[in-house]
Amino acid sequence: MDLVTFFDDLDAQPWAAYEHAYGSAEDVPDCLRALAGDDKDAADAALGDLYASILHQGSVYEASAKAVPFLARLAAGGVRTVDLLALLGGIAEGGTEFDDGDGAGESDEAACRRAVVGQLPLLLDSVASDVPEVRQCAVWAAAMTGAAGRALPVLRERAAVEEVPLVRAELLFALAHLDAAGTAAAATEAVGPDHPGELRIAALLACVDGGLPWGPLHHEAMLSLLPADGLVAERLDQDRGEPLHHITESLLLRDTDEDRDAVFALLGAALADGSPEACGEAVWAAEAACRLSRSAPRRLAAPLLALATGPRAADVPAVLPALKLLGALAAPAAGMLARLAQGEGEEADRALEVLVVVDPQRAAPLLARNPAQRPRALGAACGGSFGAAPVLPYDPGLLVSLRQWLGTLEPGGNGSFRLAALLESWGADAAGAVPELCAALPRFPQLVPKVLVAVCPPERREDVAELLRTAARSGPVEDRFEAARALHALTGEDAPLLTAVADRLAEDRNGIREAAVAAAGLGPAAAELVPALRAAFNAPDAHRNIPEMQADIDIAAALHRITGDLAEAVPVLAGVLTDTEMTWSRWAFVHATRVAAGLGPGAAGGPLVPVLEALLADPEQVPGAVLALLAIAPGRLDAHRAAGLLLDAAECGTAPVEAVEALIALGPEAVGEDARARLARLAEQDLRLHVSGVLGAVTADERVRERARAAVRVLGGDAVAGAATAG
């Protein structure tokens, strides 16, 4: 390979003007030079850097397309050929289809696919290489180009003579990817026991991806190949790197009774497999099923419980996450979980975490033994995902343990937040912790005050109030603010909170939102804060970040609550809701529409209504926009159209709970029979909703299902719901 010419051509490109995942692509030439050098360690590092920059987690960029010809020239010249063919295939996979024109104005993704298609001669020539690894990578890369017309004849010709099982498997995948219908017969034939395992797994995956019915032949083949992960470990198709998991999800997504029955029969048999490795794959696939299908926990409870409570104790740790997804259905395993939780270390903590979900009352005394050493169980007791409410009921023994821990707890970590959340959720039942909370106030000045208010008994009210008054007079502004806010909640005293809010508005730009919310809570009593609130607004022409946008929304809400005047709030909210330059502004918009709804009919004549009407085109904002329009200008809202838009948003997982609440607000007259039928299907369908932007998919879906069922009842659709369930 003529490296001198190669490097001259490389240096002729304006790499600093191109972009990759980390900005300027000026480092790409050095990576390519290192690949062509004699230092193996440097070449390995350069390859890793290229994957990180021009193929970052599967994403491609302008520099990715520009690098393709140089990657291909190195590969053709024998430089890291296997690695670079795989990288070219990854760039093609990250790209998209392109038009047949000259490429002017096309996206980076389309340019990347076009660039790799331009290297098809190299890829297709390499399909006949003497080196199996080169053939494998070339086959995969050719498939990723999507250029079926040019690639299929070459790949079929190679498939007729290929003998290496791994390459045969890659060829079958490639043919199925480019021509699913034309490869169906070959895939079905390759499922049989006379073929090597690598090919049979590829055939099963091709059958599923091609939409072929799953029958006894496939069932028996899959079971006979477990554990199957090793059979695809060297494949380049990372999306199907866990075959049983992929087959489970693919069949469930078909959303038919036949495919669900097939999945649950397959997983039930796999969970009974004697191999720990096969069982581990089956448990992981069962977890995926429970996250995807509402009926999966019920259908898979028996085999999972048999595994957890049977003689194969060594497999129990692997099954714990699946038992957690079963929830109350895992009650028969509570005894086993309790025994395991009595031990020490991570395994005991994981068992107790599951027991918190399965049997909270049984878990509480076990957690009381050493809550500081049970971070997973304590997290589950506090509701698991961020923002969830605690689930563990009051337990006197656990309270004693938490009080002891609170006496020694130092700032740092999540322990203090979880402990506080539990105590606050118990309210007056946790009154015994007041002495420890008072002693901990100097260590946790922003966390303890609200907990003190929640648990304070009447007889300690004045003592706690005096402690909070003292805390509100000195220390950092954010500490004084929390003490004053808690004091106001406990006694109704305004003066310390007014002072703290004014100080925070003046001294702490990061605390403006909280200060504005507190001022709004005071209402007209906070009139003296109006000048400070106005001064805290961001400049109208400023390029706001999301926190600044949220702060302006809360200031507008506070001014309205305090003065009753809409003159300031309306233009601020309208300005936020038309600020489309800020990325990730969804939650700011949601917040703004909620505040807008609180303005009432007085805001009907300003610029807010047209802005809200425009938001009806955005599924993420439909629920908030509908509720705001109902409150401000109901006559401007086409209720039947709004119901359809809300259902569209709910069905795709975009703020579904909010969409259902908005449907209830529209009322039975607006939600017709068709809409109620859709709502009933939402409540009773088997596939779970994947709620946008929310962790904890199962919990989020169950909440949607509960609210949808309630909405069907409220909107008069019980008969429709019954029909949907029966169907």
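## Helix contact, a buried histidine and two cavities

In this predicted model, helix α3 meets helix α5 through Leu47, Leu50, Tyr51 and Ile54 on the α3 side and Asp83, Leu84, Ala86, Leu87 and Ile91 on the α5 side. The residues of this contact comprise 8 nonpolar, no polar and 1 charged. The helices span residues 40-54 (α3) and 81-94 (α5); their axes come within 11 Å and cross at roughly 5°. Angles under 35 degrees count as roughly parallel, so α3 and α5 are roughly parallel to each other.

Histidine 219 sits in helix α13, residues 216-225. Its relative accessibility is 17%. Buried means under 20%, and histidine 219 therefore counts as buried. Leaving aside residues up to four places away in sequence, histidine 219 touches Trp214, Ala265, Leu266 and Ala269.

The model has 2 cavities of 30 Å³ or more. They are set out below.

| Cavity | Volume | Lining residues by class |
|---|---|---|
| Largest | about 50 Å³ | 9 nonpolar, 1 polar, no charged |
| Second largest | about 40 Å³ | 6 nonpolar, 2 polar, no charged |

The lining of the largest cavity consists of Leu406, Leu409, Ser416, Leu419, Ala420, Leu437, Phe444, Leu447, Val448 and Val451. Helices α24 (415-426) and α26 (448-455) each supply at least two of these residues, and α24 gives the most, with 3 residues.

Around the second largest cavity lie Ala176, Ala180, Thr183, Ala184, Ala187, Ala206, Gly210 and Leu212. Helix α11, residues 180-190, provides the largest share of that lining, 4 residues.

Terms used: Residues are numbered from 1 along each chain as its sequence is written. This is a predicted model: local features need pLDDT of at least 70, side-chain atom pairs count only at pLDDT 80 or more; totals for chains, interfaces and linings use all residues. Side-chain values use heavy atoms; hydrogens and water are left out. Axes are lines fitted to C-alpha atoms, for helices over the stretch in contact, and angles run from 0 to 180 degrees between N-to-C directions. Angles under 35 degrees count as roughly parallel, over 145 as roughly antiparallel, 65 to 115 as roughly perpendicular and the rest as oblique. Contact means heavy atoms within 4.5 Å. Ala, Val, Leu, Ile, Met, Phe, Trp, Tyr, Cys and Pro count as nonpolar, Asp, Glu, Lys and Arg as charged, and the others, Gly among them, as polar. Buried means under 20% relative accessible area, exposed over 50%, partly exposed in between (1.4 Å probe, protein chains only). On a 1 Å grid over the protein atoms alone, a cavity is a set of points where a 1.4 Å probe fits but cannot get out, and a pocket is an open set with protein on both sides within 12 Å along at least five of seven lines; lining residues have an atom within 4 Å of a point. Grid points are joined across faces, edges and corners, and a volume is the space filled by probe spheres set on the points.
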